[in-house]
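Here is a short set of exercises to work through with the model open beside you. Try each task before reading its solution.

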Amino acid sequence: MLPLSIKDDEYKPAKFNLLVKVSGWFRSILADKTSRNLFFFLCLNLSFAFVELLYGIWSNSLGLISDSFHMFFDCTALLAGLAASVISRWRSNDSFSYGYVRAEVLAGFVNGLFLIFTAFFIFSEGVERALEPPDVHHERLLPVSIAGLLVNLVGIFVFQHGGHGHSHGGEGHGHSHSLFNGTVGHGHDHGHDHGHDHGHDHGHGHSHDHGHGHGHDHGHGHGHSHQEPHCHGKKSSKVHMWCLAGVFLHIVADTLGSVGVIISAFLMQKYNLMIADPICSMLISILIGVSVVPLLRESIGILMQRTPPALDYALPECYQRVQQLQGVYNLQDPHFWTLCTDIYIGTLKLLVAPDADTRWILSQTHNIFTQAGVRQLYVQIDVAGM
Amino acid sequence: MLGRNGRLLWMLFLTFGFFIVEVVVSRMTASLTMLSDSFHMLSDVISLVVALVAVHFAEKTQGTSKNTFGWIRAEVMGALVNAVFLITLCFTILLEAIGRYTKPHEIENPQIVIWVGLIGLLVNLFGLFLFHGHAGASEHRLDDQMNDDTSLELELRSESSSQLNMRGVFLHVLGDALGSIIVVVNALIFTFVWKPSAPCWVLYLDPTLCIMMVVILFYTTFPLLKESALILLQTVPKQINMQQLDGKLRSLEGVLAIHELHIWQLAGSRIIATAHVQCHDPASYMDVAKRIKNFFHDEGIHATTVQPEFSSDTTGPCSKNISKRIKNEAEH
């Protein structure tokens, strides 16, 4: 029985503490749309992976077992995104003066890393399979791959609106998002044409290793979200952009893998093209690597405390305007960095004349930078000649 | 005598070469423990690369217009990448071990495994010997670069952080050594106990020891992951007590109130603090500013930005609580 009222903190036994914490997390997850979606998709993925694992053990098929391992790996990516979306809403406290908002960027970065590692492993397996082509058995994998494809399509549909689609929202914001969207879009359109021109659907890893596999379907999810700008749920999707970006890339990678297995099963049965298989794995891994690069670049920029790309042109202008203020001799030591999406923080030092009106300078400086989009600013005033 | 970079490079090549050897041997002999030890070596290679990169960038501390803090955070990022990579490897090995349980495999040519394992152990010990003096020295050197008048307290603090570093290195090398020992033990048991008619529990030894190695690997990696993740999350450094600091700041002469106090760690021992300070009027501000700067210096925080606010300000720039604003913006 759960306690109905919790009054004495010191006397709470440990078991109830845990229950309360966990139920608190559940409530937090279910409260927000994005984390709700993530949670349900995670459950779906997990149950599918378990079913696959049990079926593989029962039918003694190593291919199915390793495929289920891949699904478990994807579940960790989902878990990271989910954890980040919950953690980033926690309040700031003594240990985290800015709160936990950075957790999302970190989750996006870690998901990107996972994808790079996955691509690397697939590549090495492709190489291995090219050197010693194994026997390929498809019969049991086909229905599983189709089921996996359906699960991933559900994921794409659910997260398609959340991952992208916010290329508007004010000038200051437009840049950073279009940087991400633009480069991603570019990478994807490229792949889109490539995929379709060559009728080349990246069949991938089979039988004894990975029936599941990974890859990219460019014509699919991304093409859509770029052509239709989304105006609804704009802000909430912006906040969770980092959680969802990595998750989305992961799901898309899986989808093409499943499609690839289906296509290559067909190809192998009809045309007996054994050598195409490792080549496809290598191509898929390269594609995954390439598509992750924008996500990684942006998250690394934020984590390395780089000046926000959106402000790259606005800042020198602001510096000039501040230096033209009456009484300001010099602007020194500017540091601007991104805390999380669209939250910029800046510090700078102003060298002012002894008779300058400090208050006026401070408020003017704040105005100038607020117009550029930096709302959290710390301006240190150093009076010259003292 | 080799310089620090030279030592790192030599160790890097040695470890990388040995990693290749171990991978090849594990393929030849189908020994899973050898494979996991080879991944352990790979992670050593990566952490050496990270150390090289960190040292290189730490010396190049000038900021550019895009990277105003310079590349100092590269060290933390590298540590995070290393930790994530290791944890991924842990899971991979774990899964392969579970696969071995369902389809047990015997080790071919266990003698090679024994020899290679022993050489691996030697390489690990050699690395420990090489870096015993190095890790402590680099910490001190960085601290000296940063501040001219080091107070005694600061020295003690940097001592403890380099000790933490040494402890991390020691744990890592211990984990390596244990891994090599496990490989050798496994192969030894296999050599002396295995006959085709022998009990098949020997076959299950390989994956079991592997799982043990994974646990060791995980145990030594997790603190690294946690620490670098916390730094990247802009946490207040462990040695700083915010309440205490806040109280001491408020008790300084001329300080009416403190808002928006944020303290975070850039990397290593570089800590950055920003705050809004409310005082009486601009005339007395310069003294207050000096006092605050000295106070932060004593605490070991050298990069501070303090914005003055004056008590007659009703429409000052800090009319709302910034953290609340961040939270509001994040939620809507």
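**Exercise 1. Find how many salt bridges the structure holds over all chains, and look at the pairs in chain A.**

Solution. Step one is the count: over all chains, the structure holds four salt bridges, where a salt bridge is a side-chain nitrogen of Lys or Arg within 4 Å of a carboxyl oxygen of Asp or Glu. This is a predicted model, in which local features need pLDDT of at least 70 and side-chain atom pairs count only at pLDDT 80 or more, while totals for chains, interfaces and linings use all residues. Residues are numbered from 1 along each chain as its sequence is written, chains are lettered from A and ligands numbered from 1 in the order in which they are written, and side-chain values use heavy atoms, with hydrogens and water left out.

Step two, a general point: side chains of opposite charge can pair when their charged atoms come close.

Step three, go to Lys349(A) and Asp333(A), whose side chains form a salt bridge at 3.6 Å, N to O. This pair links distant parts of the chain, with Lys349(A) in strand β2 and Asp333(A) in strand β1 of chain A, 16 residues apart. Helices (H or I, at least four residues) and strands (E, at least two) are DSSP runs, numbered from the N terminus. Lys349(A) is buried, at 15% relative accessible area, whereas Asp333(A) is partly exposed at 43%. The classes are buried under 20% relative accessible area, exposed over 50%, and partly exposed in between (1.4 Å probe, protein chains only).

Step four, turn to Asp312(A), which forms a salt bridge with Arg306(A); their closest N and O atoms are 3.7 Å apart. Asp312(A) counts as partly exposed because its relative accessibility is 21%, and Arg306(A) is partly exposed at 22%.

**Exercise 2. In chain B, which parts of the chain does the salt bridge of Lys248(B) and Glu299(B) link?**

Solution. Start with the atoms: the two side chains, Lys248(B) and Glu299(B), meet at 3.5 Å, N to O. Lys248(B) belongs to helix α7 (residues 242-250) and Glu299(B) to helix α8 (residues 282-299), 51 residues apart. Now check the surroundings. Lys248(B) is partly exposed, with 37% relative accessibility, whereas Glu299(B) is buried at 18%.

For the wider setting, chain B has nine helices and three strands, which run α-α-α-α-α-α-α-β-β-α-β-α from the N terminus on. Of its 332 residues, 51% are buried.

**Exercise 3. Describe the interface of chain A and chain B.**

Solution. First, count the residues: 56 of chain A are in contact with 58 of chain B, contact meaning heavy atoms within 4.5 Å. Second, take the area. The two chains bury about 5,400 Å² between them, 66% of it on carbon and sulfur atoms; buried area is the accessible area (1.4 Å probe) that two parts lose on being put together, summed over both. In chain A, Met304(A), Arg359(A) and Tyr378(A) lose the most area to chain B, together 14% of what that side buries.

Third, look at the polar side. The rule finds zero salt bridges across this interface, but 13 residue pairs are in polar contact, both at pLDDT 80 or more. A polar contact is a pair of N or O atoms within 3.5 Å; within protein, one must be able to donate a hydrogen and the other to accept it, and residues adjacent in sequence count only if both atoms are side-chain atoms.

Fourth, ask which element gives the largest share of chain A's side: α4(A) does, with 10 residues.

**Exercise 4. How does the span of α4(A) agree with its 30 residues, and is the helix mostly covered or not?**

Solution. The expected span is 1.5 Å times one less than the number of residues. For the 30 residues of α4(A) that gives 44 Å, and the end C-alpha atoms are 44 Å apart, so the two agree. As for cover, 21 of the 30 residues of α4(A) are buried, so the helix is mostly covered.

To finish, place α4(A) in its chain: chain A has 12 helices and three strands, and 55% of its 386 residues count as buried.
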